[in-house]
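Grab a pencil and work through these exercises with the structure open beside you. Try each task before you read its solution.

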Amino acid sequence: MRARLVVFPVKGRNWCFSRSIEPSFSQTESNHSPSTVKELWKKISSSKSSVNNAELFIDFISNKMNRAWMGLEMAPEGTVKKKIHGLGLKLLARVKPSEIFLKSITKEISAVEITYPSSLNPRLVRRRLRHIATRGAAIHKKHLYGSVVLLPLTSAFMVLPLPNVPFFWVLFRTYSNWRALQGSEKLLEIVSDQTTKENEAESGESESKNQKSQSSPMVLDPSEELEKYLEHTEEEDDGMSKSAISNICKTYKLNANDVSKFRHTM
């Protein structure tokens, strides 16, 4: 599966990295994930890979967490559940946009199309992608281990009559860091494969342009349209204006809240 990534500067040296929202993206993931214990057991029983079984179990837990979150969101105003939902929103607002981006790079992706302003050097764009993948792999591996260590400690709060918010938050952070780590490794693999193919082509292997673009794991697509958005934008003190971000997000189907976060993240 090929995914479209959009890359552009939002404030000085701060760049935005975001994946275009595809209508079938969430549906595809939900179709592969078991929704009941019975379905989970069938898939685990039919699979001989311990890695796949672990992923199935994690996806199952993730679906349960998403349903529980939706239940909190639909709770009446003033209830404990609604207050917990408000607390959860505040905690989620602290999640870095780079983590959200890396989580969007799923294992099903085999190639990416990078859309970026035409004025940028393609080598710089690729170097930035490699940097966010390499840095993300190191950071989220460290945070994953830390979250796993905290899980048994926060589970002790289960004895209290109130909802165990610390446990579920640490559980979410464990899942989120694991997904971001997987996305970092996948993105780094794609960028490395692209570099290998280009080195082989430079050493004398001949391919037609069409064959090369079809087999390439990463296609760089300089965009004049995206460049125009940046040219006609007056940068504010805290980076690109909200109206410019909104226009870019509408055109390329990006999440405006996630893109805005990149203005304040180094």
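**Exercise 1. Find the contacts of alanine 256, and place the residue in the fold.**

Start with the neighbours: leaving out residues up to four places away in sequence, alanine 256 touches Ile245 and Cys249. Keep in mind that you're looking at a predicted model.

Next, the address. Alanine 256 sits in helix α11, which covers residues 256-261.

Then check the cover. Its relative accessible area is 32%, so alanine 256 is partly exposed; the class runs between 20% and 50%.

Last, try a long jump in sequence. Serine 18 is 238 residues away from alanine 256 along the chain, yet the C-alpha atoms are 9.9 Å apart in space.

**Exercise 2. Serine 18 leads us to the sheet. Work out the strand order and how the strands pair.**

Begin with an inventory: the chain has 11 helices and 4 strands.

Now lay out the strands. They form an open sheet in the order β2-β1-β3-β4, and the pairing is mixed. At the edges you'll find β2 (14-19) and β4 (218-223), each with pairing on one side only. From one strand to the next, the twist averages 25 degrees.

Take the pairs one at a time:

- β1 and β2 run antiparallel, with 6 bridges, and valine 6 stands opposite serine 18 of β2.
- β1 (residues 2-11) and β3 (residues 111-117) are parallel, with 5 bridges; here arginine 4 has glutamate 113 of β3 as its bridge partner.

Finish with the turn. β1 and β2 make a hairpin with 2 residues between them, and glycine 12 in that turn has a positive phi of about 55 degrees.

**Exercise 3. Is edge strand β2 buried or exposed on each of its faces?**

Count first: 6 of the 6 residues in β2 are buried.

Then split them by side. Asn14, Cys16 and Ser18 are on one face, Trp15, Phe17 and Arg19 on the other, and all of them are buried.

**Exercise 4. Test the length of helix α6, then see what the helix packs against.**

Do the arithmetic. α6 has 34 residues (122-155), and at 1.5 Å a residue it should span 50 Å. The C-alpha atoms at its ends are 48 Å apart, which agrees.

Look at how the helix starts: a side-chain oxygen of asparagine 121 comes to within 2.8 Å of the backbone nitrogen of arginine 123.

Now pick out the covered positions. Among the buried residues of α6 are Val125, Leu129, Ile132, Gly136, His140, Leu144, Ser147, Leu151 and Thr154. For the spacing, recall that an α-helix has 3.6 residues a turn, so residues three or four places apart point the same way.

And the packing? Back to the sheet, where β2 and β4 are the edge strands and the twist averages 25 degrees from one strand to the next. α6 packs on this sheet and touches β1, β2, β3 and β4, with its direction at about 75 degrees to that of β2.

**Exercise 5. Which residues surround glutamate 99, and how well is it covered?**

Locate it: glutamate 99 belongs to helix α5 (residues 97-103).

Judge the cover. Its relative accessibility is 4%, so glutamate 99 counts as buried, the cut-off being under 20%.

List the neighbours. Beyond four places in sequence, glutamate 99 touches His140, Arg173, Ser176, Asn177 and Ala180. With serine 176, the contact includes a polar one, side chain to side chain, at 2.4 Å. His140 takes you back to α6, where it is one of the buried residues.

How values were computed: Residues numbered from 1 in each chain as written. Predicted model: local features only at pLDDT ≥ 70, side-chain atom pairs only at ≥ 80, totals over all residues. Heavy atoms only, no water. Expected span 1.5 Å × (residues − 1). Buried < 20%, exposed > 50% of the residue type's maximum accessible area, 1.4 Å probe, protein only. Polar contact = N/O pair within 3.5 Å; in protein donor to acceptor, adjacent residues only side chain to side chain. Pairing = 2+ DSSP bridges. Axes fitted to C-alpha atoms, helices over the stretch in contact; angles between N-to-C directions. Contact = heavy atoms within 4.5 Å.
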